[in-house]
Amino acid sequence: MSFVKPKKGLGQHFLTDQNIARKIVDSLGSDVPDILEIGPGMGVLTQYLLQRPELNVHVIEIDRESVAYLQQHFPTLQHIWSEDFLKADVAGRFDGKFNVIGNFPYNISSQIFFRVLAWRNRIPETVGMVQKEVAERIAASNGSKVYGILSVLLQAFFDIEYLFTVSENVFNPPPKVKSAVIRLRRNQVETLPCNENLFIQVVKAAFNQRRKMLRNSLKDLCEALPAEFAEKRPEQLSVSDFIRLTGMIENLKNNKA
Ligand code: SAH
């Protein structure tokens, strides 16, 4: 069977540089055996995953032509799910913990990270190649222009490392943007010292109107915001500031009730 023809609608940009593929797989450190690769394509990462005897490799791929290619070229690959990652109850299929890896389809990379966040107690480590801008956003600290919802929510539960930048020239076809590989490792925080659903609501509401002062953007969640935060904008708050602010809003609500 010849090579898979790249389909634009599926975000297919196949990595052609073996050294980079190996470096991505080598970035995975955790000793949990179950691993899920999202969007394996022609298996440039998969081949190196299969070389690690301690790993139990699962892949999920939406493109049937790629699935057929994988079946033919990797007879030892036992778990190929021919499915849309966004529609699959992936966490339900593993008994315990599993790690995640992939050169992610860039059109759904944010959605992949929201899934990783939701399944955070099952996923100790994620190594993903994404658009450079997305990697920068996820790793950004407060004060940065690109600091946003995913930065705060992911950093609350993961230690995040921007590992390296990847040129557009090592893909077929080359994407319009540069790429980067990031690693997320679950941190020690089991539960936040505040209501976690409210925390998510506060972060989303604050950044959905990022130019506004918090007393305006959070009006629906809290009528009289504590003075310390009232005139701040979301990019000024660290992750722990958001946690503290959520706790204060929670107390105000409880006192009123
Ligand atoms: N890992 C390969 C391919 C990366 S391109 C490489 O590095 O060369 C992204 C891959 O994700 C493609 O193979 C595409 O078919 C697949 N993909 C896109 N959307 C998907 C989805 N919703 N679920 C699963 N796979 C998807």
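The legends below accompany an overview and several close-up views of a predicted model.

**Figure 1. Overview of the protein chain, with its 10 helices and 9 strands.** The C-alpha atoms fill a box of roughly 65 × 40 × 30 Å along the principal axes, and the radius of gyration of the chain is 20 Å, in agreement with the value near 18 Å for a compact globule of 257 residues. Buried residues make up 50% of the 257 residues, and, among contacts with a separation of 6 or more, 66% are between residues 24 or more positions apart. An unreviewed UniProt entry places the feature "domain: Ribosomal RNA adenine methylase transferase N-terminal" at residues 20-188. In the model this span is 29% helix and 26% strand, and its end C-alpha atoms lie 30 Å apart.

**Figure 2. Close-up of the residues that the unreviewed UniProt entry annotates as "binding site".** The annotation covers H13, L15, G39, E61, D84 and N103, and the lining of the largest pocket takes in H13, L15, G39, E61, D84 and N103 from this set. Two of these residues, H13 and E61, are taken up separately in the next two views.

**Figure 3. Surroundings of H13, a residue in the segment before strand 1 (14-15).** H13 is partly exposed, with a relative accessible area of 25%. Leaving aside neighbours within four places in sequence, H13 is in contact with N103, F171, N172, P173, P174 and P175, and N103 is, like H13, one of the positions covered by the "binding site" annotation in UniProt. Within this group of contacts, the peptide bond from N172 to P173 is cis, with omega near -10°. P173 itself has its place in the loop between strand 8 (171-172) and strand 9 (179-186).

**Figure 4. Surroundings of E61, a residue in the loop between strand 3 (56-60) and helix 3 (64-73).** E61 is buried, with a relative accessible area of 6%. Not counting residues up to four places away in sequence, E61 touches Q12, G39, P40, G41, S66, V67, W81, S82 and E83, of which G39 is also covered by the "binding site" annotation in UniProt. The side chain of E61 reaches the backbone nitrogen of G41 at 2.9 Å.

**Figure 5. Salt bridge between R120 and E196.** The closest N and O atoms of this pair are 3.0 Å apart. R120 lies in the loop between helix 4 (109-118) and strand 6 (125-131) and E196 in helix 7 (residues 196-208), so the pair ties together parts that are 76 residues apart in sequence. R120 is buried, with a relative accessible area of 15%. A search of the whole structure finds 12 salt bridges, and another part of that pattern is a network of salt bridges that links K7, D63 and E65.

**Figure 6. Salt bridges E231 to R215 and E228 to R244.** The side chains of E231 and R215 meet at 3.2 Å, N to O. E231 is in the loop between helix 9 (227-230) and helix 10 (239-256), R215 is in helix 8 (residues 214-217), and the pair thus links distant parts of the chain, 16 residues apart. E231 is exposed, with a relative accessible area of 54%, whereas R215 is partly exposed at 36%. In the other pair, the closest N and O atoms of E228 and R244 are 2.7 Å apart, and this contact links helix 9, which holds E228, with helix 10, which holds R244, across 16 residues of sequence. Both partners are partly exposed, E228 with a relative accessible area of 39% and R244 at 39% relative accessibility.

**Figure 7. Surroundings of F158, a residue in strand 7 (residues 158-166).** At 2% relative accessibility, F158 counts as buried. Not counting residues up to four places away in sequence, F158 touches V116, L117, R120, I123, L184, R185, R186 and N187. One of these contacts, R120, is the residue that forms the salt bridge with E196. By contrast with the contacts shown, Q209 is 25 Å from F158 in space, C-alpha to C-alpha, and 51 residues from F158 in sequence.

Methods. Residues are numbered from 1 along each chain as its sequence is written. This is a predicted model: local features need pLDDT of at least 70, side-chain atom pairs count only at pLDDT 80 or more; totals for chains, interfaces and linings use all residues. Side-chain values use heavy atoms; hydrogens and water are left out. A salt bridge is a side-chain nitrogen of Lys or Arg within 4 Å of a carboxyl oxygen of Asp or Glu. Helices (H or I, at least four residues) and strands (E, at least two) are DSSP runs, numbered from the N terminus. Buried means under 20% relative accessible area, exposed over 50%, partly exposed in between (1.4 Å probe, protein chains only). UniProt positions are given in the numbering used here, feature names are shortened, and annotations may be inferred rather than shown by experiment. On a 1 Å grid over the protein atoms alone, a cavity is a set of points where a 1.4 Å probe fits but cannot get out, and a pocket is an open set with protein on both sides within 12 Å along at least five of seven lines; lining residues have an atom within 4 Å of a point. Contact means heavy atoms within 4.5 Å. A polar contact is a pair of N or O atoms within 3.5 Å; within protein, one must be able to donate a hydrogen and the other to accept it, and residues adjacent in sequence count only if both atoms are side-chain atoms. The radius of gyration is taken over C-alpha atoms; the globule rule is 2.2 Å times the number of residues to the power 0.38.
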